[in-house]
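Colleague: I am new to this structure and should be grateful for a close look at one part of it, namely the places where the backbone geometry is unusual. Please set that part in the context of the whole chain.

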Amino acid sequence: MRLAESLGFDSLWVGDHIAFAVPILDPLLQLAQAAAHSDRLLFGTSVFLLPLRHPTPVAKQVATLDRLCDGRLIFGVGVGGEFPREYEACGVPVAERGARLSEAIPLLRRLWSGEPVASEGRFYPFRELRMLPRPIQRPGPPIWCGGRSPKALERIARMGDGWLSYVVTPAMFREGIGAIARASEAAGRKHERFGTGHLLFVRIDDAYERALDDATAHLSQRYAMDFRKPALRYAALGRPADVAEKIAAFHAAGVRHVLLDHVGPLPERAAQLERFAREVRPLLRGL
């Protein structure tokens, strides 16, 4: 984190799983620790699997985290589902994850209001209570949603403050943001501010094939599947100019927050971060 801050990066994002193919830490605890060491970085979850938890304690945790980081928090949420056993372990039917997210998002905002709240929802009913203190951000931390299915994009249009995309191409992003705009208009919702972010796998190397091999090896282990074809299609690989070109294409499609996931051997992550700052970022100054 301190290296990223010293190199001039803007934000720190962390993912979420209860059980994963590789070790993974709790995202809210990670960000709470990070908040104690930075008074500049923006923090975000990309994405927190909200349907795995009851939204009431999550509302308390996120409100607390928003205070710990002085309101520099984006709460990214999503449904996951690619590892169904973590849903089983949490006692949540995987088929209910979309419906649970749709019920939980407005409930979070109500709890963050600081006013008395009661819920008669299908999944999270409870009698009236008041949760204090409120988050620093009003009416609460912005909620950005992941997902790329038609149902997910429609939910984002109705409930989200932004879209966090993942494993899409620039063309797919452009189509998705158009679908969100159309669904927002149909729902009569006007966004004064709407955030756009994309999680991008990155591997810088002067040899494209070596970058592809390193990215494939890392991502195949992370997701417990052969990731070569997805890496070919979705990752930014190769020379600095090639990586910059892919980022510029996402920017042209409407992305304004690029979440860099530097893939490859762990001991090389710092060098990749430094090389991006030194060789790729200068190529993006015109954006």
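**Unusual backbone geometry in its setting**

Modeller: The model is a predicted one, and its protein chain has 11 helices and 11 strands. The C-alpha trace spans about 60 × 40 × 35 Å along its principal axes. With 287 residues, a compact globule would have a radius of gyration near 19 Å, and the value of 19 Å for this chain agrees with that. Of the 287 residues, 49% count as buried. Among contacts with a separation of 6 or more, 69% are between residues 24 or more positions apart.

Against this background, the backbone can be considered. Most residues other than glycine have a negative phi, and most peptide bonds are trans. Two peptide bonds may be described here. The bond from Ser-46 to Val-47 is cis, with omega near -10°. Val-47 belongs to the loop that connects strand S2 (42-45) with strand S3 (48-49). The bond from Arg-138 to Pro-139 is also cis, and its omega is near 5°. Pro-139 is placed in the loop between strand S6 (126-129) and strand S7 (143-145).

Two residues deserve attention for their phi angles. Asp-70 is not a glycine, yet its phi is positive, at about 60°. This residue sits in the loop between helix H3 (55-68) and strand S4 (73-78). Asp-70 counts as exposed because its relative accessibility is 53%, above the cut-off of 50%. Val-167, likewise not a glycine, has a positive phi of about 45°. The loop that holds Val-167 runs between strand S8 (162-166) and helix H7 (170-186). The relative accessible area of Val-167 is 9%, so this residue is buried, the limit being under 20%.

The cysteines may be added to complete the picture. The count of disulfides comes to zero, a disulfide requiring two cysteine sulfur atoms within 2.5 Å. For Cys-90, the closest cysteine sulfur is that of Cys-145, 20 Å away, and therefore too far for a bond. For Cys-145, the closest cysteine sulfur lies in Cys-69, at 19 Å, which is again too far for a bond. As to their surroundings, Cys-90 is partly exposed, with a relative accessible area of 30%, whereas Cys-145 counts as buried at 1% relative accessibility.

Finally, the surface and charges may be noted. The accessible surface of the chain comes to about 14,200 Å², and 54% of this belongs to carbon and sulfur atoms. There are 39 positive and 32 negative side chains, and the centres of the two sets lie 4 Å apart.

Definitions and conventions: Residues numbered from 1 in each chain as written. Predicted model: local features only at pLDDT ≥ 70, side-chain atom pairs only at ≥ 80, totals over all residues. Heavy atoms only, no water. Buried < 20%, exposed > 50% of the residue type's maximum accessible area, 1.4 Å probe, protein only. Helix = DSSP H or I, 4+ residues; strand = E, 2+ residues; numbered from the N terminus. Rg over C-alpha atoms; globule rule 2.2 N^0.38 Å. Contact = heavy atoms within 4.5 Å. Areas by Shrake-Rupley, 256 points an atom, 1.4 Å probe, with all protein chains shown as cover. Lys, Arg positive; Asp, Glu negative; His and termini not counted. Charge placed at Lys NZ, Arg CZ, Asp CG, Glu CD.
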